[in-house]
Amino acid sequence: MKSRWTLCACIVILAVLTAILLSGCADQTRKQPIKVGAILAVTGPASFLGAPEEKTLTMLAEQINNAGGVDGRKIELIVKDSQANPENAISFAKQLIEEDKVTAIIGPTTSGESMAIKDLCQENSTILLSCAAAETIVEPVASYVFKTPQKDSYAAIKIYQTMNDLGIKKIGVVVSNAGFGLGGKAQLEKYAPEHGIEIAITEVYDKGEKDLTAVLTKVKDKGVEAVVNWSIVPAQSIIPKNMKQLGMNIPLFQSHGFGNIEYVKAAGEAAEGIIFPCGRLLVADVLPSDHPQKAVLTKYKNDYESRFKEDASTFGGHAYDSFMILMEAIKKAGADDVEKIRSAIENMKGFIGTGGIFNLSPSDHNGLALDSFEMLTVENGKFVLYN
């Protein structure tokens with residue numbers, strides 16, 4: 001009888017110890033930070049894009065951690081500066097996946113980098129929320145790959161709709177040889193016929209080019225009525241300067257890659273009158289108070305500008321949207337199951353971001369509509385709505 005009581009006591013003690021151990025492990029898991037990787041062009045030729053993205057993520061991670069984290073767990077942000085180099089992006093993606101074991105990667109900044117790591121993230125079941133615009137990042141759809149900037153095709157359509165309003169029929173197209181420029185070229189060529197636009201000449205220039213006079217001279221000789229430039233590099237500021245030097249007094253349209261006031265400052269007076277499609281962040285102040293994006297845009301803009309003492313840009317906004325979509329998905333799915341987080345992103349509806357209102361689906365990993373764009377112009381060195 002005594003040995004039976006001893007055995008029972010041992011079983012009870014063992015069960016209690018096991019419960020305590022499991023409880024301790026659960027508490028330890030809950031306390032572990034959620035690792036979020038970011039691959040951004042903080043320095044280098046695309047730093048006008050990547051630097052505000054890095055600042056935005058740093059600010060948001062601090063805000064969330066100061067508020068207690070997500071489900072009681074802090075965010076550990078791991079930022080890698082790719083300098084817009086696809087080879088760097090590949091190396092950093094491998095580190096974040098294999099060594100840091102992050103829950104998701106935000107970025108890269110540029111389309112070429114994003115395409116370079118798209119398959120890597122998909123093969124390793126790692127969520128990628130790209131901050132780059134090229135449509136090929138999400139078409140064809142890869143189940144773990146998403147992007148937050150508006151689609152290239154929408155930018156091309158908005159430009160052509162504005163040209164139709166202005167009666168412009170014959171244009172010249174100049175693009176950089178980076179992934180974003182070549183992706184834009186494809187969309188401009190695809191949608192020109194259905195809008196009655198003739199592309200008289202298309203020129204592809206090196207993304208590191210410092211003088212585009214020779215390229216624009218060829219365009220001028222074609223007698224075009226407007227020029228479209230599609231790039232994210234400093235050439236966006238060089239093109240208007242060179243056009244002015246050549247006496248090309250015709251409209252210059254830029255892509256949605258122009259959404260940083262630093263490009264305007266770099267171009268000086270030559271930037272006046274440039275027309276381009278863009279999200280509403282840059283004109284948040286003039287939106288009506290009942291606009292569904294007003295509160296999100298003004299809070300982010302005010303937080304960023306008061307913290308960093310510089311103007312907010314749409315590129316920081318793309319990072320905001322990527323980060324906040326990920327946080328919203330983690331709140332719904334919990335932090336420990338990547339597949340549930342991925343599914344929560346894929347089925348997210350009505351998320352109000354800086355780029356628009358996101359309605360994602362298994363067939364649309366961008367989730368933004370054509371009306372996420374406004375047409376803007378430059379007036380007295382500032383961005384204003386184009387009417």
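**Why these names? Pockets, cavities and crossings**

Trainee: The second largest pocket has about 220 Å³ of space. What makes a set of points a pocket, and what makes one a cavity?

Mentor: This is a predicted model, where local features need pLDDT of at least 70 and side-chain atom pairs count only at pLDDT 80 or more, while totals for chains, interfaces and linings use all residues. Residues are numbered from 1 along each chain as its sequence is written, and side-chain values use heavy atoms, with hydrogens and water left out. Now the names: on a 1 Å grid over the protein atoms alone, a pocket is an open set of points with protein on both sides within 12 Å along at least five of seven lines, whereas in a cavity a 1.4 Å probe fits but cannot get out. The volume is the space filled by probe spheres set on the points, which are joined across faces, edges and corners.

Trainee: Which residues line that second largest pocket, and which lie nearest its centre?

Mentor: There are 16 in the lining (an atom within 4 Å of a point), and A84, T110, A178, K207 and I232 lie nearest the centre. Helices α4 (111–123) and α6 (179–191) each give two or more residues, with α4 giving the most, three.

Trainee: What makes α4 count as a helix?

Mentor: Helices are DSSP runs of H or I with at least four residues, and strands are runs of E with at least two, numbered from the N terminus. α4 spans 111–123, so it clears the helix minimum.

Trainee: How many residues of each class line the second largest pocket?

Mentor: Eight are nonpolar, six polar and two charged. Here nonpolar means Ala, Val, Leu, Ile, Met, Phe, Trp, Tyr, Cys and Pro, charged means Asp, Glu, Lys and Arg, and the others, Gly among them, are polar.

Trainee: What about the largest pocket: how much space lies in it?

Mentor: About 340 Å³. Its lining has 17 residues, and I261, L282, K301, K382 and F383 lie nearest the centre. α9, α10 and β14 (382–385) give two or more residues each, the largest share, four, coming from β14. The class count is ten nonpolar, one polar and six charged.

Trainee: How many cavities does the cavity rule give?

Mentor: Two of 30 Å³ or more. The largest has about 110 Å³ of space, and 14 residues line it, with A132, A133, F180, I232 and F315 nearest the centre. That lining has eight nonpolar, six polar and no charged residues. The second largest cavity has about 90 Å³, and its lining includes P149, H256, C278 and F373. Helix α11 (residues 314–333) gives the most there, three residues.

Trainee: Why are α2 and α10 called roughly perpendicular?

Mentor: Their axes cross at roughly 100 degrees and come within 11 Å. Angles of 65 to 115 degrees count as roughly perpendicular, under 35 as roughly parallel, over 145 as roughly antiparallel and the rest as oblique, so this crossing earns the name.

Trainee: Which residues make the contact?

Mentor: On α2 they include P52, M59 and E62, and on α10 they include Y300, Y304 and F308; contact means heavy atoms within 4.5 Å. By class, this contact has five nonpolar, three polar and five charged residues.

Trainee: Ten aromatic pairs turn up in the whole structure. What makes F258 and F276 an edge-to-face pair?

Mentor: Rings of Phe, Tyr and Trp (its six-membered ring) pair if their centres lie within 6.5 Å; planes under 30 degrees apart are stacked, over 60 edge-to-face and the rest tilted. F258 and F276 are 5.2 Å centre to centre with 80 degrees between the planes, so they are a pair and edge-to-face. The pair links distant parts of the chain, 18 residues apart: F258 sits in the loop between β9 (252–254) and α9 (261–267), and F276 in strand β10 (residues 275–278).

Trainee: Why mention cis peptide bonds and positive phi values?

Mentor: Because most peptide bonds are trans, and most residues other than glycine have a negative phi. The peptide bond from G107 to P108 is cis, with omega near -10 degrees, and P108 lies in the loop between β3 (104–106) and α4. Another cis bond joins E139 and P140, where omega is about 10 degrees. D71, a residue other than glycine, has a positive phi near 55 degrees, and D71 lies in the loop between α2 and β2 (75–81).

Key: Axes fitted to C-alpha atoms, helices over the stretch in contact; angles between N-to-C directions.
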